[in-house]
Amino acid sequence: MNLVYNIFLYALWFLSTYYVIVLILIMLIGRKNLYENKKFNFKKEPRVSVIIPAYNEEGKIKFTIKSLKKVRYKNIEFIIVNDGSEDGTSEEVKEYIKGDPKFIFIDRKENKGKAASLNDGIARASGEYVATMDADSVIEPGIFYKTIPYFSDEKTAAVTVSVLVKDPESFIHKIFEMEYIIGLSLYLKVFSFFNGIFVTPGPFSIYRKGIIQKIGGFDEKSITEDMEIAYRIQKNHYKIVHCLEAKAYTILPPTFKKITVQRRRWYSGALHTLAKHRNVLLNRKYGAFGFVAFLNYLLIFLGLVLFLSTLYLFGSNLVEGLLHLKYSNLDLWLRIKSAEFDILTMSRAAILGFVSVSFTVFSLVLGLIMTRTDIKKKKLGILGYPFLFFLYQYFWLVSIIKVIGGKGIKWR
Amino acid sequence: MEIKKSIFILAFVITVFLLLTILLLGGFLNNERKSSVEDRMTIISDLNDIQTFSLLSDVYGNKLACLAFKSKLAEWDKSLWNLGIKLEQYRVATEEFQKDPFYLEQKNKFNENELLYMAFLTKAKDECNLNQHIISFFYKKSEVCKKCDDQSFVLTDVKRILEDNVSIFSFDSDLNITSVQLLERYYEIGEYPCIIINEEKFCGIIDRNFILAKLGYSG
C-alpha cells in the first residue's frame, strides 16, 4: 500500500505542479495581453441576439432582465425561452419585459432541456452574433462593446468572459468565488493563449451564429451543452477566445446540497462529453487542446485515486485511534495537552503536501493580483481555497457513481 | 500571443528543481533525525554509571550509592522515555519505502540498555526505599499483535499522568535480544501484549483505569 500510495502521490504532485507552473509562466509572460481592451471599431453595431433559457427561475430572472435593460448596446434583441417552468417564471418575465420591444418571449409549455431552448432561441435570432446567458446571471452594461471586437478574426467562433460570483456571503461561497476568479476567468484567458479553452461558460458566452449553425447548434442530449459545444468548436478548428475585462456575475446555489447537485450535473456532463469526444485526447490534430484535455482528466483521475487512498488510510487510522482511546477513558484532552511539534517527525509525503498547499495559495494570490482583485477583501476565500481539492474529489466521486449507475441528470 | 516551447521546458526544469529540493529536504531531515537519535543515545553511555554505583554500593554500602542514584534517577528516566518515543516517531517518519536498518540497530541498543537500567532500578527500589513504580511492557510488531499498539497507547497515557512516579520499559520481542528473551522466560510470557506491574504479570490488553488502580491512583 505504502509504495503504490507514494507512487500516486509523487506522480500527482509532479503533474499538477508542472501544469500549474506552465499556466503561471504563460500568465506572467503574457501579462500585458491579459487585458487586451480591444477597441470597438465598427461603423454600425453588428446585430446581437441574447438567448436566455429559463426553467423555474421565479424570483431570480427579474434581476437578469433588469441587468439586460441596462445594456448600452443598441442593435440588440433579448430572447427569453421559458422551458416549461412549473413556477411563476412565465408571469414574472411577462411583467418585467412588458412594453420593451427589445425582448422576445418564447413561452414553451413543454420542458425540452437547456440545449433545445438555446437552439430554439438561435432559430429565432436575427443577430450575427448570439450570446447565451443563464437566467440567474447578470452582465455588466458595456459587455458587448468589450466582446464583439474579439470576433475580428474570422476563425473566432466564441468569446468567453470572466464569470464571477454575485454577492458571495457564506464561507463556502467565498471559497467558490476564488475558483471562479481563477478558473472561470484568469485561467480561461491563459488557455486562450494556446487555444485550449474547453468550456464556453453558461452564465455568459457569445458566439458567431454562422459557425454555431454550421457545426449543428447545441447538442440537445448533453447536460453540459456549454462544454460540449466548446469541444466541437475546437474539433472543427475554430477558435474560442477569452475577454478578461468583460464580466458576468452568477448566483451560486444557496446550500451545499444544491451546489452538489449543480456540480454533479457539470461533472457528469463533462464525463459524457469526454466519452463522446474521446478522440481529441492527445490527438495532435487538435493541437494543445488535446493535450490540455488529457492532462485535465489525468489529474482528475490521479487526484481521485489519491483522495480515496488517503481517505482509506485516514479512516483506518481514525478507527485505530478511537480503539486506542477506548482503553484510555476516551481521554482525547490528555493527548491534545501533551502534543508537541517536532519538525523532524515530518515525512517526505508531509513535505510534499505542505509544498502543494503553499504553492496553491501562492498561485491563487498571484492570480488575484493579476486579475486586479482586492486581496484584503478575499482573506476567507484564500484561507479556504486549498479545501477545494477535497470538495472536487467529493463532487467527482458522486458524479462518477451517478454516471456508472446510469441515472439520468437533468440540467436543473 | 505565441506560446514558445521553451515555456514547457522551463516549467519542467522548475518542477524537477522543486521536487529535488523536497527530496533533498527529506534527506536532510532524515540525517537530522539520525543525528538527533544519536545525540539522545548518549544517555546510554551515562548508564555506565550504573556499574560505578553498584561498585560504590558494594564497597561503601547502600547509603552512598542511593544518594548518587536518586540524583540521577529522574534525568535517566525522562531521557530514556523520550528516546523511546523519538525512536518510534522518527522510524515512522522515515519508513516510506523500506525499513531503515539504522533504527533497528538503535532500537536494539536501546532495549538492551533499558533492560540494564530496569534491573538496577528494581534492585535500587528495595535497597534505597524508592517509591517508584516499575512497569515492563512486552510487545510484538503491530502486524501480528494489533492490541500491542493499543497497550502502548494506554501506557503512554499512564506515563503522561504519573510522570516521574512511574518508569515504563518497553521490550520489542521481535528483536530477539537474548536478555529480553531471558526475562520473557522468567515471567513466563506466552502471549502479547503483556505487562508486568511491580512484578505482577498481566497479559492481554489492560486498560488505563486498571493500571492506575493497581498503582494506587484513581482513574
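Domain bounds here come from an automatic or database domain assignment. Keep in mind, too, that this is a predicted model. With that said, let's walk through it, starting with chain A.

The domain assignment splits chain A into domain 1, made of residues 2–27 plus 291–405, and domain 2, covering 33–256. Taken over C-alpha atoms, the centres of domain 1 and domain 2 of chain A are separated by 33 Å. The two do touch: 19 residues of domain 1 of chain A and 17 residues of domain 2 of chain A take part in the contact. If you look at the domain 1 side, the elements of chain A that give two or more residues to it are α1 (2–29), α11 (288–326), α13 and α14 (379–384). Sort that side by class and you get 13 nonpolar, five polar and one charged residues.

Now for the sheet in chain A. It is an open sheet of eight strands with mixed pairing, and the order to trace is β3-β2-β1-β4-β7-β6-β8-β5. At the edges sit β3 (103–108) and β5 (137–139) of chain A, each of which pairs on one side only. On average, neighbouring strands of this sheet are turned by 25° against each other, direction ignored.

A good pair of strands to pick out is β1 (residues 48–54) and β2 (residues 76–83) of chain A, which pair in the parallel sense over seven bridges. Want a landmark? Find A:Ile52, whose bridge partner in β2(A) is A:Ile80. Helices pack on this sheet as well. One of them is α3 (residues 61–69) of chain A, which touches β1, β2 and β5 of chain A and points in a direction that makes about 10° with that of β5(A). Another is α7 (residues 171–193) of chain A, touching β6 (156–165) and β8 (239–250) of chain A. The direction of α7(A) makes about 155° with that of β6(A).

Next, stay in chain A and find two helices that pack together: α10 (residues 256–276) and α15 (residues 388–405), which meet at an angle of about 60° with their axes 8 Å apart. How should we describe that arrangement? Angles of 35 to 65 degrees fall outside the roughly parallel and roughly perpendicular ranges, so α10(A) and α15(A) are oblique to each other. Their crossing is right-handed. On the α10(A) side you'll see A:Thr260, A:Arg263, A:Arg264, A:Tyr267, A:Ser268 and A:Leu271, and these meet A:Phe395, A:Trp396, A:Val398, A:Ser399, A:Lys402 and A:Val403 in α15(A). By class, this contact of α10(A) with α15(A) is a mix of six nonpolar, three polar and three charged residues.

Time to move over to chain B. Its domain assignment gives domain 1 (1–117) and domain 2 (131–219), and the centres of these two domains of chain B, taken over C-alpha atoms, are 22 Å apart. Between them, 10 residues of domain 1 of chain B are in contact with 13 residues of domain 2 of chain B. On the domain 1 side, α4 and α5 (101–127) of chain B each supply at least two residues. Of the elements there, α5(B) gives the most, with six residues. That side of domain 1 of chain B has three nonpolar, three polar and four charged residues.

Finally, let's see how the two chains meet. In this interface, 33 residues of chain B are in contact with 32 residues of chain A. The elements of chain B that give two or more residues to its side are α1 (5–40), α4 (62–94), α6 (146–162) and α8 (208–214). Which element gives the most to this side of chain B? That would be α1(B), with 16 residues. The chain B side as a whole divides into 19 nonpolar, six polar and eight charged residues.

To see α1(B) at work in the contact, look for α13 (residues 348–370) of chain A. These two helices pack at an angle of about 140°, with their axes 9 Å apart. Since only angles over 145 degrees count as roughly antiparallel, α13(A) and α1(B) are oblique to each other. The crossing of α13(A) and α1(B) is right-handed. The residues making the contact are A:Arg348, A:Ile351, A:Leu352 and A:Val355 of α13(A), together with B:Leu18, B:Ile22, B:Leu25 and B:Gly26 of α1(B). By class, the contact of α13(A) with α1(B) has six nonpolar, one polar and one charged residues.

How values were computed
Residues numbered from 1 in each chain as written. Chains lettered and ligands numbered in written order. Predicted model: local features only at pLDDT ≥ 70, side-chain atom pairs only at ≥ 80, totals over all residues. Pairing = 2+ DSSP bridges. Helix = DSSP H or I, 4+ residues; strand = E, 2+ residues; numbered from the N terminus. Axes fitted to C-alpha atoms, helices over the stretch in contact; angles between N-to-C directions. Contact = placed C-beta atoms within 7 Å. Nonpolar A, V, L, I, M, F, W, Y, C, P; charged D, E, K, R; others polar. Parallel < 35°, antiparallel > 145°, perpendicular 65-115°, else oblique. Left-handed = near helix turned anticlockwise from the far one by under 90°.
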